[in-house]
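Thanks for coming. I will take a few minutes on one chain, going from the overall layout to the charged groups.

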Amino acid sequence: MTAEASLKTEEPLVNCLAVAFNTINHVLIGYVTIYLSYVSYMNGFGKLFTWHMFLCTIGYQFFMAESFLTLYSANSWTVLYGNEVKRRWHWVLQAFGFVAIFVGVGLEIYIKEDNGRAHFKSDHAITGLVSMVFLVLSMMNGLAALYAMKIKHLIKPIYIKLSHYLTGIVAFVIGMVSLMLEYSPRRMQSAENVNMLISFSSITIILTLIGVSKTMFNQFKGMMS
C-alpha cells in the first residue's frame with residue numbers, strides 16, 4: 001500500500017473518532033451543566049450566591065464551551081452549516097456566556113461588598129478575575145476580527161485572529177479551573193461527585209480545545225511557509 005493510499009484509508013477513521021469524541025464532549029458538557037443547575041436549584045434561587053454559581057456555570061461550562069465547538073469541523077450540530085453561520089453561532093454563544101459570567105461575578109462582588117468581606121482573596125476568586133480580564137480581551141479581539149480586512153493596513157488579520165484564539169483559550173481554561181476550585185463535597189453532596197465533576201470538566205477542556213488548536217497550528221504553519 002502506498003503512503004497516499006494509507007492516508008486515504010486512515011482519514012475516515014480519524015473523522016469517525018473526531019465525531020465520536022465530539023459527541024462524548026457534548027454529553028459531558030450537558031451532564032455537568034444539568035447537575036450543577038440541579039445543585040443550584042436545591043440551594044435555592046432565592047439566594048444571590050445561587051445565581052452567582054448558576055450563571056458562571058452556564059457561562060463557562062455551557063456557552064463558552066459550545067461557542068468553541070461551533071467552529072470545529074467535526075461538531076455534530078453545526079457540521080451542515082457554512083462558515084458564516086458557524087461564526088454567527090459562535091458570536092451569539094460567546095455573547096450569552098460573556099453576559100452570564102459578568103452578571104454572575106458582579107453578584108458575588110455585591111454580596112461581599114454588602115457583607116463587608118474582602119474581594120479576590122481565594123484561589124477561586126483570583127482565577128475568576130484573571131479569566132474575566134482575558135475574556136474582555138478576547139471579546140475586544142473578536143470585535144477587531146470582524147473588521148480585520150478594513151484595518152489590515154494597520155495589522156495583519158491573522159495576528160488579530162490568533163490573538164482572539166489565544167485570549168479566548170486562556171479565559172476559558174482559567175475560568176473552568178476557577179469553577180473546579182469551588183467544588184466541595186458539602187456543596188456537591190459527596191467527594192465522589194466532586195471527583196466526577198472535576199474529571200468530566202477536565203475532559204471537556206481538552207476535547208473542546210482540539211478544534212481551535214488545530215486551527216491555530218494550521219495558521220502558524222501558513223505564517224512560517
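**Charged pairs, then the rest of the chain**

R87 has a relative accessible area of 43%, so R87 is partly exposed. I start there, and one thing to keep in mind throughout is that this is a predicted model.

Which residue does R87 pair with? The partner in the salt bridge is E84, and the closest N and O atoms are 3.2 Å apart. Both residues sit in helix α3, which covers residues 83-115, and they are three residues apart, about one turn of the helix. E84 has a relative accessible area of 47%, so E84 is partly exposed as well. On the general point, side chains of opposite charge can pair when their charged atoms come close.

How many salt bridges does the count come to? The count is two. Besides E84 with R87, there is a salt bridge between the side chains of E182 and R187, at 3.1 Å from N to O. E182 has a relative accessibility of 26%, and because buried would need under 20%, E182 is classed as partly exposed.

Now a charged residue without such a partner. E66 is in helix α2, residues 48-69. E66 is buried and has no salt bridge. Where is the nearest side chain of opposite charge? That is K86, 13 Å away. The cut-off for a salt bridge is 4 Å, so K86 at 13 Å does not qualify as a partner for E66. Setting aside neighbours within four places in sequence, the residues in contact with E66 are H26, I29, W77 and L93.

For charge over the whole chain, there are 16 positive and 11 negative charges, and their mean positions lie 9 Å apart.

Let me step back to the overall layout. The chain has seven helices and zero strands, so the pattern along the sequence reads α-α-α-α-α-α-α. Along the principal axes, the C-alpha atoms fill a box of roughly 65 × 45 × 25 Å. Of the 225 residues, 41% are buried. Taking contacts with a separation of 6 or more, 72% are between residues 24 or more positions apart.

On to the surface. The chain exposes about 12,700 Å², and carbon and sulfur atoms supply 69% of that area. There is a nonpolar patch made of I109, F120, I126, L129, V130, V133, L137 and M140, with about 600 Å² of accessible area together. Which helix gives the most to the patch? Helix α4, residues 123-146, does, with six residues. V133 is one of the patch residues, and V133 lies in helix α4. The relative accessibility of V133 is 45%, which is why V133 counts as partly exposed. Patch members need over 30%, so V133 at 45% clears that cut-off.

The last residue is M180, in helix α5, residues 157-181. Is M180 buried or exposed? At 13% relative accessibility, M180 falls under the 20% cut-off and so counts as buried. Leaving out neighbours within four places in sequence, M180 is in contact with I198, S201, S202 and I205. For one of these, S202, the separation from M180 is 22 residues in sequence and 9.0 Å in space, C-alpha to C-alpha.

To recap the charges: E84 with R87 and E182 with R187 form salt bridges, whereas E66 is buried without one. That is what I have for today.

Technical notes:
Residues are numbered from 1 along each chain as its sequence is written. This is a predicted model: local features need pLDDT of at least 70, side-chain atom pairs count only at pLDDT 80 or more; totals for chains, interfaces and linings use all residues. Side-chain values use heavy atoms; hydrogens and water are left out. Helices (H or I, at least four residues) and strands (E, at least two) are DSSP runs, numbered from the N terminus. Buried means under 20% relative accessible area, exposed over 50%, partly exposed in between (1.4 Å probe, protein chains only). Contact means heavy atoms within 4.5 Å. Accessible areas come from the Shrake-Rupley method with a 1.4 Å probe; for residues, only the protein chains shown count as cover. Lys and Arg count as positive and Asp and Glu as negative; His and the chain ends are not counted. The place of a charge is taken as NZ of Lys, CZ of Arg, CG of Asp or CD of Glu. Patches are made of residues with over 30% relative accessible area and no salt bridge: like charges are joined within 9 Å, nonpolar side chains (Val, Leu, Ile, Met, Phe, Trp, Tyr) within 5 Å.
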